[in-house]
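Q: Can you walk me through this one? I'd like to start with how contacts are counted.

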Amino acid sequence: MSALYVSVSLSIPVYKEFTYSIPSDGTGPVFPGTIVEVDFHSTIHLGCVSGYAPAEDKSYDIRPLRSVLPLPPLRPWQLQLADRVAWETFATIGEARDLFIPSYRPSWVPWDGQKVTFLENNPDNRCPMQNFLREAGIEHSEEGINLFLFREICHLRKKDLTRLVQAGSLQVNRERWEKPAERTEKQEAQIFWGEIRSFSQSIPMIRELLEPVIRKREKALIVLPGISAVDRFSDLVSPLFPGIRFLRYDGRLSSKERYFRYRLVEGGHYDVLVGTRLALFLPAENVDLHLLFDPEELGHFSDRNPRYDSLHVLFSRVQITGGRMIILGVTPNLWINEKIQRGIIHELSMKSVLPRQTKKMEQVTYEQKKSSLTLVAQKAIGDNLARHGRTIIWTQKTGYSSALGCADCGYYYTCPQCDVALRYHRSERILTCPRCGMTRVPDDTCPRCHGAWMRAWGEGVERVFQSVRRIFPGVLVKSMEADDVLSRENVWTDHCMILVGTSAVLKEEILEKASLLVVNSFEEWLMIPDFRLREHLYQDLHTAWSYLGEKSEIPSRFIVQCRESYQQYLGDFFKPPAAWYGAELKKRQTLHYPPFTILLQLIGKGRNSEVRKNVLMSIRERLTSQDIPVEGPFPGTGLRKKGVFSDELMVRFSPLHEERVYTILTGIIESRIRDGVSLAFEVQQ
DNA sequence: AGCACGCCGACT
DNA sequence: GTCGGCGTGCTC
């Protein structure tokens, strides 16, 4: 029965597992999911056991496991979920499993891995500790509680513990993990979409959702897009449920505190788990309600290693574990809508759902733009100012204008690497490439015809900002470009009345206090060559529409400035989600775009372009021979290029073939670093 | 990813 | 003479 060898996954960018032997001196039971410490290339790594391995391959010396850690082993649902995360993100299995493994300090080992139970005979010593436990919301049970947890809660020192054990008040036993039994019955997953208008207004809805869960003494997991949302949630929701154990989990916790809460979750000592995307990987079993807020927020997307996002992970998770999942947001995205249309996601019906809004969109069209703001918009801003209302002007581009060109010959600056027009920033008098970030100083005269007059084309935030200041002298106008966390909270302080900005201004905190939104040049959005653009624009418009004026006394207005010839497209964007997405999905289907096809960009980075192309071409050849269609590489087409030292392939496949493509592709590349070329994946689904 | 091994330039 | 730069390759 006792196998000698196990294969272990490690969190390294190599698509392979490594074989280790089980030491003969009995380390404790080892089975799939067990967390082990291994020697690897002269360093120590944490790994996760995948299973027993045959030992016939002796082409290298197999090293023994260094130790079996006293961590709870990953459960089958976690291993399964890790696989799906890996398939979706093209990370290695080890990297995906690493999300579930807490960072662990060897100094915890002497305390960990043991269980404490009270003995009957010495009641005196029990009282203070039982008070501590009661305060922490832990009931004493027959099985005992983890010693690491116990020590942290009761502030025990080693000396005190030995004394208590010797006095016979406590009993300490080894924590034993058993190989989990195969699950037979599978619980059904139910997934819902619910529309909210703003976070603070969704509180009655959250209350209605949580109440029955808490009454049934079931557990809830709430995933929010960032730490500020976690704090807001805690402030507003936990007072509604006194006596209920809310457990916060996010990146601000120290590693010890994280492990402490990991153990609390593992022992089931909580009612409502509230956290950022990191909380998705905690060992929370038997969760009845999974709640996810604002799926489009950036905080849900991981920017490194397994580049997962909360929505997909939670979706996969409930399909494995079962339970209810509720997605709450302002506007459903295309992915959610497609699932609604297929009946996989249902629309939430509740008592506390808010009635649809009655805001109206006003169109202003023009043939040729003479000024940034049309007369209608100018008048609206003036009226709004008169009523002490705040105005937001939403512009598509950063910088002063989209391009700097010659009025005589029409020459304009482009990026030599990326083939796109450089953006002109007038205050700094520099040109930047919006794609690769390259900067240069413009010439005094046109480089082609030496004409003296350069003209700025299109409108960026900076240009709109200046013309607004000219039109409304004496009014404080601010501009905002990137996601500036500092200014986000206090944008409206110091009597600022007009804000000009890119999509960075479309935040709940900013929009709710304004009463007029002017969308600058609607047609400029339609020029961007990105298949997801229409979806993003639709979402941005509706999110803005929803937040606008929610905390303003004055009735709000929403004005879209649009060139007359593009007006026909405008109306579509103000249709309700079901109608708009229906048409958009048809388009996507005929063009073989997500969600009907998964698009995988395989990006090769390396200094040597010869080697880089060879690596990509050989991958392409081998994929094609397995009937997986590949496009590219794109050496010259500036549009797809990411930088000077990279090329890429585009792979398209059906969502049904996710696992197959993962297996084949990772089998081909083996490691994400080959011959000095590093490979990266970007998945759009 | 780390880390070793290895091959070239600037120093006690 | 050596120390250390990082380019290349491998990890059970």
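A: Sure. A polar contact here is a pair of N or O atoms within 3.5 Å. Keep in mind that this is a predicted model.

Q: OK, which sugar or linking oxygen contact does serine 42 make with DNA strand B?
A: An N or O atom in the serine 42 side chain is 3.5 Å from a sugar or linking oxygen of DNA strand B.

Q: And what does the side chain of histidine 41 sit 3.0 Å from?
A: A base nitrogen of DNA strand B; the histidine 41 end of that pair is a side-chain N or O atom.

Q: Which residues are around DNA strand B?
A: Ile12, Pro13, His41, Ser42, Thr43 and Ile673. By class, that's 3 nonpolar and 3 polar, with no charged residues.

Q: What share of the strand's atoms within 4 Å of the protein is sugar or phosphate?
A: For DNA strand B it's 56%, and the rest of those atoms belong to bases.

Q: Switching topic: how many cavities of 30 Å³ or more are there?
A: The count comes to 1. The largest cavity has a volume of about 30 Å³.

Q: What lines the largest cavity?
A: Ala380, Asp383, Asn384, Arg387, Ser515, Leu516, Pro555 and Arg557.

Q: Which helix gives the largest share of that lining?
A: Helix H11, residues 375-386, with 3 residues.

Q: And how do the lining residues divide by class?
A: The lining of the largest cavity has 3 nonpolar, 2 polar and 3 charged residues. Arg387 and Arg557 are among the lining residues, and arginine counts as charged.

Methods:
Residues are numbered from 1 along each chain as its sequence is written. Chains are lettered from A and ligands numbered from 1 in the order in which they are written. This is a predicted model: local features need pLDDT of at least 70, side-chain atom pairs count only at pLDDT 80 or more; totals for chains, interfaces and linings use all residues. Side-chain values use heavy atoms; hydrogens and water are left out. A residue is near a molecule or strand if one of its heavy atoms lies within 4 Å of it. A polar contact is a pair of N or O atoms within 3.5 Å; within protein, one must be able to donate a hydrogen and the other to accept it, and residues adjacent in sequence count only if both atoms are side-chain atoms. On a 1 Å grid over the protein atoms alone, a cavity is a set of points where a 1.4 Å probe fits but cannot get out, and a pocket is an open set with protein on both sides within 12 Å along at least five of seven lines; lining residues have an atom within 4 Å of a point. Grid points are joined across faces, edges and corners, and a volume is the space filled by probe spheres set on the points. Helices (H or I, at least four residues) and strands (E, at least two) are DSSP runs, numbered from the N terminus.
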